[in-house]
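Let's work through a few exercises together, one step at a time. Keep the sequence and the 3D view open, and try each task before reading its solution.

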Amino acid sequence: MTLLEHGPEQGGLLSRSPLVDEDFDRHRFRIHRETMTSPIVLAEEMARIFDRCWLYVGHESEVRNPGDYVRRPVGGRPVFMVRGARSGQVHVFHNTCPHRGAVVCRHKSGNSKVFQCFYHAWSFDSEGALVGVPGREAYGSRLDFDALGLRPVARMESYRGFVFACFDPGVPDLVSYLAGAREHLDLIVDSADGAMEVVKGTNEYGIDANWKLLAENSLDGYHAVPTHDTYLKYLVGMGTDVSGGVTGVGLGLGNGHAVIEYTAPMGRPIAKWAPQFGEQAREDIAQLRVELVARYGEQRAARMADYNRNLLIYPNLVINDIMAVTVRTFMPLAPDRMDVTAWQLAPGDEEPQLRKRRLDAFVSFFGPAGLATPDDSEALESCQLGYTSGGVEWNDLSRGMTRETNTSIDEEHLRAFWRQWADQMGAGGREESR
Ligand code: FES
Ligand SMILES: [Fe+2]
């Protein structure tokens, strides 16, 4: 069943279908607000998007040593990622005991050669094999214990250290899925000479808003100046020249992925100094730039050093490569509630003083109590509250629709996300004027 079949014409529970309404001649691209409020839409999203797309699990650097593991919710399901002690391979297992269901990996992270289920004490090694069953003789000789190991997720692949899982065995390979997003991941990873690591420590917080609002917000250059007035004033206070503003492009990258690539007054730990980093950082950062140019040439080095990028890997992974590199994933718990998890990604061999500045930026801008994230959360929760007022059915997302080049403060890259969403949900199409 598609969302269209939940529409009013079919006697369904949605008040409108289609829910994504695009009409170039009318300069119209609008999203029905039921996409943000309906439990039917969320149930369909779980089945049609989160059960079928490649979803980010974690970074290989988080499980560097044999037996290292991290427990994660992915697509609303408990799973865990572990590096096998014998094979050295990264596995992602469904976190459920093949015996009677209990969650097997109960700690958030750690190192273990054996995972013992606390319920009846079956135990599994880090490759997933069942290695211990109390009172095994009671099962006789015919039970196939080899088939009762931990169950790996249907598909698992990694790209340059980023590990993804998919619960649909028929999905195309990860690299094909990443499409144009791959180039931007490469720019981020290459800027650290290919050796990025996740810094220990996680931001975890909730927002009372629909998850797609955060996908939009992460790519929405239009909101930056009005919403983040406090941060801009902080930059001015630090002596940063903000007169150049924010300029750049917004691009759809295929399969719903999108990016904004832009210059802005903030500094970047990858080779762009700004007053917020302090005078003593000037030289270190200049040196980094020299090294980048030597490695990649002037043009690619400038793209790494001078341009920020906010990258959305559809549906729910955002990598913000700005004054820190933040990896952020989010999951709906309800139509009006999401959980957000964020990590900091950094070059493995970073100088301690640069690492310190990066983490300062991560906490002071992106952190849940930083200078930006609370503003964004407030805006998203305000939208969600606004939807309960009724009276207005549609959100407008037509900015820049007739421009030849979509800037980072237009909305074509957001439309790219929504077109993919509509395709997967069976929710697109033209709506006559009402
Ligand atoms: S449910 Fe895990 S051992 Fe029984
Ligand atoms: Fe923001």
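The term pLDDT stands for the predictor's confidence in each residue, on a scale from 0 to 100. The model is predicted, so local features are described only at pLDDT of at least 70 and side-chain atom pairs only at pLDDT 80 or more, while totals for chains, interfaces and linings use all residues. Residues are numbered from 1 along each chain as its sequence is written, and chains are lettered from A and ligands numbered from 1 in the order in which they are written.

**Exercise 1. Confidence**

Find the average pLDDT of the protein chain, and the stretch where the pLDDT is below 50.

Solution. Start with the whole chain: the average pLDDT is 91, and 94% of the residues score at least 70. Next, look at residues 430-434, where the pLDDT is below 50. Two residues count as in contact if their C-beta atoms, placed from the backbone, lie within 7 Å. Beyond near neighbours in sequence, residues 430-434 have 5 contacts in the model. A word of care: where pLDDT is low, the predicted coordinates should not be read in detail.

**Exercise 2. An open sheet**

Work out the order of the 4 strands in the open sheet, and say which are the edge strands.

Solution. First, the terms. Strands (E, at least two residues) and helices (H or I, at least four residues) are DSSP runs numbered from the N terminus, and two strands pair if DSSP finds at least two bridges between them.

Step 1: the order is E6-E5-E4-E7, with antiparallel pairing. Step 2: strand E6 (90-94) and strand E7 (109-111) are the edges, since each pairs on one side only. Step 3: follow strand E4 (residues 68-74), which pairs with E7 over 3 bridges and with strand E5 (residues 77-83) over 6 bridges. Step 4: pick out tyrosine 69, whose bridge partner in E7 is glycine 110 and in E5 is valine 82. Valine 70 has serine 109 as its bridge partner in E7.

Step 5: check the turn. The hairpin of E4 and E5 has 2 residues between the strands, and glycine 75 takes a positive phi near 60° there.

**Exercise 3. Buried or exposed?**

Decide whether arginine 64, alanine 121 and asparagine 255 are buried or exposed.

Solution. Count the other C-beta atoms (placed from the backbone) within 10 Å of the residue's own: 20 or more means buried, 12 or fewer means exposed, and anything in between means partly exposed.

- Arginine 64 is exposed because it has 12 such atoms within 10 Å. This arginine lies in the loop between strand E3 (55-59) and E4.
- Alanine 121 is exposed because its count is 12 within 10 Å. Its place is the loop between strand E8 (114-116) and strand E9 (123-125), and its phi is positive, about 70°, although it is not a glycine.
- Asparagine 255 is buried because 22 other C-beta atoms lie within 10 Å. Asparagine 255 sits in the loop between E14 and E15 and has a positive phi of about 55° although it is not a glycine.

To place asparagine 255, note that strand E14 (residues 247-254) and strand E15 (residues 257-263) pair in the antiparallel sense over 7 bridges. One of the residues in this pairing is valine 249, whose bridge partner in E15 is glutamate 261.

**Exercise 4. Domains and core**

Explain why the largest nonpolar core lies between domain 1 and domain 2.

Solution. Step 1: the chain is divided into domain 1 (55-170) and domain 2 (181-425), with bounds that come from an automatic or database domain assignment. Their C-alpha centres lie 33 Å apart, and the contact takes 11 residues from domain 1 and 10 residues from domain 2. On the side of domain 1 that touches domain 2, E3 gives the most, with 3 residues.

Step 2: a nonpolar core is a set of buried Ala, Val, Leu, Ile, Met, Phe, Trp, Tyr and Cys residues joined through C-beta atoms within 7 Å. The largest has 110 residues, and those with the most contacts inside it are Leu55, Val57 and Ala165. Helix H11 (residues 412-425) gives the most to this core, with 7 residues.

Step 3: both domains give residues to this core, so it lies between them.

**Exercise 5. A cis bond**

Which residues does a cis peptide bond join?

Solution. The cis bond joins tyrosine 314 and proline 315, with omega about 5°. Proline 315 is in the loop between strand E16 (308-313) and strand E17 (317-321).
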